[in-house]
Amino acid sequence: MTTTEGVRLTIAINAIAMGLLFVQSRLACARQGSSPGRVNASPMVESVSDTLAFIRWTTTNPGGTILHRAIVHYGKDPNHLDLTAESPTRINPGQSEMVFRVRMDGLQPGTTYYYNVSSKQANGISDPATSAVNQFTTRLLNPMSAKK
C-alpha cells in the first residue's frame, strides 16, 4: 500500500467513526426520552360496535424504551375520563412514525363516550404526544349478537 492510499484509508475510517459517534449520540438522546415539547396526536375511531371500540393514532416515533403502552382515558362525561384502556406495543427505532392501537371493551350500547389518548414507555415515562378530548357513540344493541 502506498502512503497516499494509507492516508486515504485512515481518513475514510476516521470519517466513518465520526459518523457513528454522531448517530449514537442522537440515538442516546432519543432513548432518554428527550423531547422538544408536547406533540398533538390525532386519534380516530377505527371501528365501533355495540360493546367495543378500537382507537388508533399515529405519532412521531417517541424513542425511549422499545416497549410502550398505548393509553385511552375515557368516560361518559368529557370532564371525567375516569376509565382507562391500555395496550402494549413495540416501537421500531428505524421508523420515523409509530402507530398506536387500543381496544376498549365492556362498553354500553347506544352510549356516547369521550376520550383522549397518550402513551408511555415501559419505565413509566410519558411520551410527548397527547390528544384533545374526542367522542364516539357505540351502536345500539344488535339483536343478532344478543342471541349468541
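Before I start on the strands, a note to self: I call two strands paired if DSSP finds at least two bridges between them. I am working from a predicted model.

**Entry 1, the three-stranded sheet.** I looked up β3 (residues 52-60) first and found that it pairs with β6 in the antiparallel sense over nine bridges. Along that pairing, I see Trp 57 opposite Phe 100 of β6. Stepping back, I get an open sheet of three strands, ordered β2-β3-β6, with antiparallel pairing. I note that β2 (44-48) and β6 (97-105) each have a single partner strand, so these edge strands are left with one side lacking a neighbour in the sheet. Neighbouring strands here are turned by 20 degrees against each other on average, direction ignored.

**Entry 2, the four-stranded sheet.** Next I traced an open, antiparallel sheet of four strands in the order β5-β4-β7-β9. Its edges are β5 (83-90) and β9 (134-137); each has a single partner strand, so one side goes without a neighbour in the sheet. The twist averages 30 degrees from one strand to the next. I checked β4 against β5 and found eight bridges, antiparallel. Val 72 has Ala 85 in β5 as its bridge partner.

**Entry 3, the core.** Which residues touch the most other members of the largest nonpolar core? I find Ile 55, Trp 57, Val 72, Tyr 74, Met 104 and Phe 136, out of 19 residues. At least two core residues come from each of β3, β4 (67-75), β6 and β7 (112-121). β6 gives the largest share, four residues.

**Entry 4, Val 72.** I left aside neighbours within four places in sequence and listed the contacts of Val 72; among them are Ile 55, Trp 57, Leu 83, Val 102, Met 104 and Tyr 115.

Notes:
Residues numbered from 1 in each chain as written. Predicted model: local features only at pLDDT ≥ 70, side-chain atom pairs only at ≥ 80, totals over all residues. Heavy atoms only, no water. Axes fitted to C-alpha atoms, helices over the stretch in contact; angles between N-to-C directions. Core = buried A, V, L, I, M, F, W, Y, C linked by side-chain atoms within 4.5 Å. Buried < 20%, exposed > 50% of the residue type's maximum accessible area, 1.4 Å probe, protein only. Contact = heavy atoms within 4.5 Å.
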